[in-house]
Amino acid sequence: MRYRNYAWAIFSAIEKHCKLPEGGYATVLDVDTIPVSLDDKQETFFLSETLKYLYLTFSDENVLPLSEYVFNTEAHPLPIFIPKIQPSFGAGFRI
């Protein structure tokens, strides 16, 4: 629950400070200054990573079982590889 509270605070701050009335979201130039100064651009990672992680934070646990998937740095889910065979190289090598 703690992380959902953090995520909600992040989402609320994005909505309050970054959302544009005409649509889309702008980049904040200095996060330490209020009122914020905005740059007229929406970063490409905002939709593909930031909102995806926020969505997953609030989604049901069955949407993507974390015991079966990991995320790369760009928030793409990758299935966890579990080898079915033991490699024959290297003495004493175990997976």
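This passage describes the nonpolar core, the aromatic pairs and the largest pocket of a predicted model.

The largest nonpolar core consists of six residues, namely Ala7, Ile14, Cys18, Tyr25, Phe46 and Leu54. Two elements each give two or more residues to this core: helix 1, which spans 2-17, and helix 2, which spans 44-58. In soluble globular proteins, nonpolar side chains tend to be buried together. Within the core, Phe46 has a relative accessibility of 10% and therefore counts as buried, the cut-off being under 20%. Tyr25 is likewise a core residue, and its relative accessible area of 18% places Tyr25 under the 20% limit, so Tyr25 is also buried. When neighbours within four places in sequence are left aside, the contacts of Phe46 are with Ile14, Tyr25 and Leu51. Of these contacts, Ile14 and Tyr25 are listed among the core residues.

Five aromatic pairs were found in a search of the whole structure. One of them joins Trp8 and Phe11, whose ring centres are 5.4 Å apart. The planes of these two rings stand at 40 degrees; because this angle is neither under 30 degrees nor over 60, the pair is classed as tilted. Both residues belong to helix 1, where Trp8 and Phe11 are three residues apart, about one turn of the helix. With a relative accessible area of 48%, Trp8 is partly exposed, and Phe11, at 27%, also falls in the partly exposed class. A further tilted pair is formed by Tyr25 and Phe46, with 4.9 Å from centre to centre and 45 degrees between the planes. Tyr25 is located in the loop between helix 1 and strand 1 (27-28), whereas Phe46 is in helix 2, so this pair ties together parts that are 21 residues apart in sequence. In addition, ring pairs link Trp8, Phe11 and Phe58 into a cluster.

The largest pocket has a volume of about 270 Å³. Its lining is made up of Arg4, Tyr53, Leu56, Thr57, Ser59, Asp60, Glu61, Leu64, Pro65, Leu66 and Phe71. Helix 2 supplies the largest share of this lining, with three residues. By residue class, the lining of the largest pocket comprises six nonpolar, two polar and three charged residues. Helix 2 thus appears both in the lining of the largest pocket and among the elements that give two or more residues to the largest nonpolar core.

Terms used
Residues numbered from 1 in each chain as written. Predicted model: local features only at pLDDT ≥ 70, side-chain atom pairs only at ≥ 80, totals over all residues. Heavy atoms only, no water. Core = buried A, V, L, I, M, F, W, Y, C linked by side-chain atoms within 4.5 Å. Buried < 20%, exposed > 50% of the residue type's maximum accessible area, 1.4 Å probe, protein only. Helix = DSSP H or I, 4+ residues; strand = E, 2+ residues; numbered from the N terminus. Contact = heavy atoms within 4.5 Å. Phe/Tyr/Trp six-rings, centres within 6.5 Å; stacked < 30°, edge-to-face > 60°. 1 Å grid on protein atoms, 1.4 Å probe; cavity = no way out; pocket = protein on both sides within 12 Å on 5 of 7 lines; lining within 4 Å. Points joined across faces, edges and corners; volume = space filled by probe spheres on them. Nonpolar A, V, L, I, M, F, W, Y, C, P; charged D, E, K, R; others polar.
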